[in-house]
Amino acid sequence: MQVIKYVFQPHGDDRGQLIALEENKDIPFCIKRVYYMYDTVKGVVRGKHAHKSLEQILVCIHGSCKVLLDDGREKKVVPLEKPYEGLYISNNMWREMYDFSEDAVLMVLASDYYNEDDYIRDYDQFLSYVNS
């Protein structure tokens, strides 16, 4: 399994830092949806699903969390700890986000609009889907 972590170029001076993200330049797809998670309760696991066609970039813009990636053959845990790093998640990849710091804000950039039919929410169905 190839894990792709992007390091975005910070721009800063004595006023602070700024990250600008542009679709099809810094992000490898057109951005159709942006959402973020915050105030995640200790011990909660988010995600627990895969997408049939959706691609995403996850950026922990504040605090930290871990992401479990699973392609049906191999699993990897990727820490997200810096606001200038983004984790690319392709379609057909099971993901679980967990171990959120108390101050974590996890932003997700998605390649398409919300579509419930694109989700695989049962792990056994995911394994059947990717192995068929």
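Select Gln56 and show everything around this residue. Leaving aside neighbours within four places in sequence, Gln56 is in contact with Phe29, Tyr35, His51, Leu87, Tyr88, Ile89, Arg95, Val108, Leu109 and Ala110. The model is a predicted one. Is Gln56 buried or exposed? Its relative accessibility is 3%, under the 20% limit, so Gln56 counts as buried. Now add the side chain of Arg95: a polar contact of 2.4 Å joins it to the side chain of Gln56.

**Strand E6**

Gln56 lies in strand E6, so select residues 56-62 next. Five of the seven residues of E6 are buried, so the strand is largely enclosed by the rest of the structure. Which strands should be shown beside E6? One is E9, joined to E6 by three bridges and running antiparallel to it. Another is E11 (105-110), which pairs with E6 in the antiparallel sense over six bridges. To check the register, pick two pairs. Gln56 stands opposite Ile89 in E9, and Cys60 has Leu106 in E11 as its bridge partner.

**Strand E9**

Move to E9, residues 85-89. Five of its five residues are buried, and the strand is mostly covered. Colour the side chains by direction: Glu85, Leu87 and Ile89 point one way, while Gly86 and Tyr88 point the other way. In a regular strand, side chains alternate between the two faces of the sheet.

Tyr88 is a useful residue to centre on. Ile57 stands opposite Tyr88, and Tyr88 is also the bridge partner of Ile4. To see where the second of these contacts belongs, select strand E1, residues 4-7, which pairs with E9 in the antiparallel sense over four bridges.

**The nonpolar cores**

Return to E6 and select Leu58. Not counting residues up to four places away in sequence, Leu58 touches Val67, Leu80, Glu85, Gly86, Leu87, Ile89, Met97, Leu106, Met107 and Val108. Leu58 belongs to the largest nonpolar core, which has 16 residues. Which members of this core touch the most other members? They are Leu58, Val67, Leu80 and Leu106; show these four as spheres.

Then colour the elements that give two or more residues to this core: strands E6 (56-62), E7 (65-70), E8 (75-80), E9 (85-89) and E11 (105-110). E7 gives the most, with three residues. A second core, separate from this one, has eight residues and includes Ile27, Phe29, Ile57 and Val59. Give this second core another colour.

**The open sheet**

Keep E7 selected and add its sheet. What is the order of the strands in this open sheet of five? The order is E8-E7-E10-E5-E12, with antiparallel pairing. E8 and strand E12 (119-120) stand at the edges with a single partner strand each, so one side of each is left without a neighbour in the sheet.

Zoom in on E7 and strand E10, residues 94-98, which pair in the antiparallel sense over five bridges. Here Asp70 stands opposite Trp94 in E10.

**Aromatic rings**

Stay on Trp94 and add Tyr123 and Phe126: ring pairs link these three residues into a cluster. How many aromatic pairs are there? The count comes to six. One of them is Tyr6 with Phe8, a stacked pair at 6.3 Å centre to centre and 0° between the planes. Colour this pair by accessibility: Tyr6, at a relative accessible area of 25%, is partly exposed, whereas Phe8, at 4%, counts as buried.

Now select Tyr114 and Tyr119. Why does this pair count as tilted? The ring centres are 5.6 Å apart and the planes stand at 50°, which is neither under 30 degrees, as stacked requires, nor over 60, as edge-to-face requires, so the pair is tilted. Here too, the accessibility can be checked for each ring: Tyr114 is partly exposed at 45% relative accessibility, and Tyr119 is buried at 14%.

The last stop is Arg121. Show its side chain together with Tyr119: Arg121 lies over the face of Tyr119, at 4.0 Å from the ring centre.

Note on methods:
Residues are numbered from 1 along each chain as its sequence is written. This is a predicted model: local features need pLDDT of at least 70, side-chain atom pairs count only at pLDDT 80 or more; totals for chains, interfaces and linings use all residues. Side-chain values use heavy atoms; hydrogens and water are left out. Rings of Phe, Tyr and Trp (its six-membered ring) pair if their centres lie within 6.5 Å; planes under 30 degrees apart count as stacked, over 60 as edge-to-face and the rest as tilted. Buried means under 20% relative accessible area, exposed over 50%, partly exposed in between (1.4 Å probe, protein chains only). A charge sits over a ring if NZ of Lys or CZ of Arg is within 6 Å of the ring centre and within 35 degrees of the ring normal. A nonpolar core is a set of buried Ala, Val, Leu, Ile, Met, Phe, Trp, Tyr and Cys residues joined through side-chain atoms within 4.5 Å. Contact means heavy atoms within 4.5 Å. Two strands pair if DSSP finds at least two bridges between them. A polar contact is a pair of N or O atoms within 3.5 Å; within protein, one must be able to donate a hydrogen and the other to accept it, and residues adjacent in sequence count only if both atoms are side-chain atoms.
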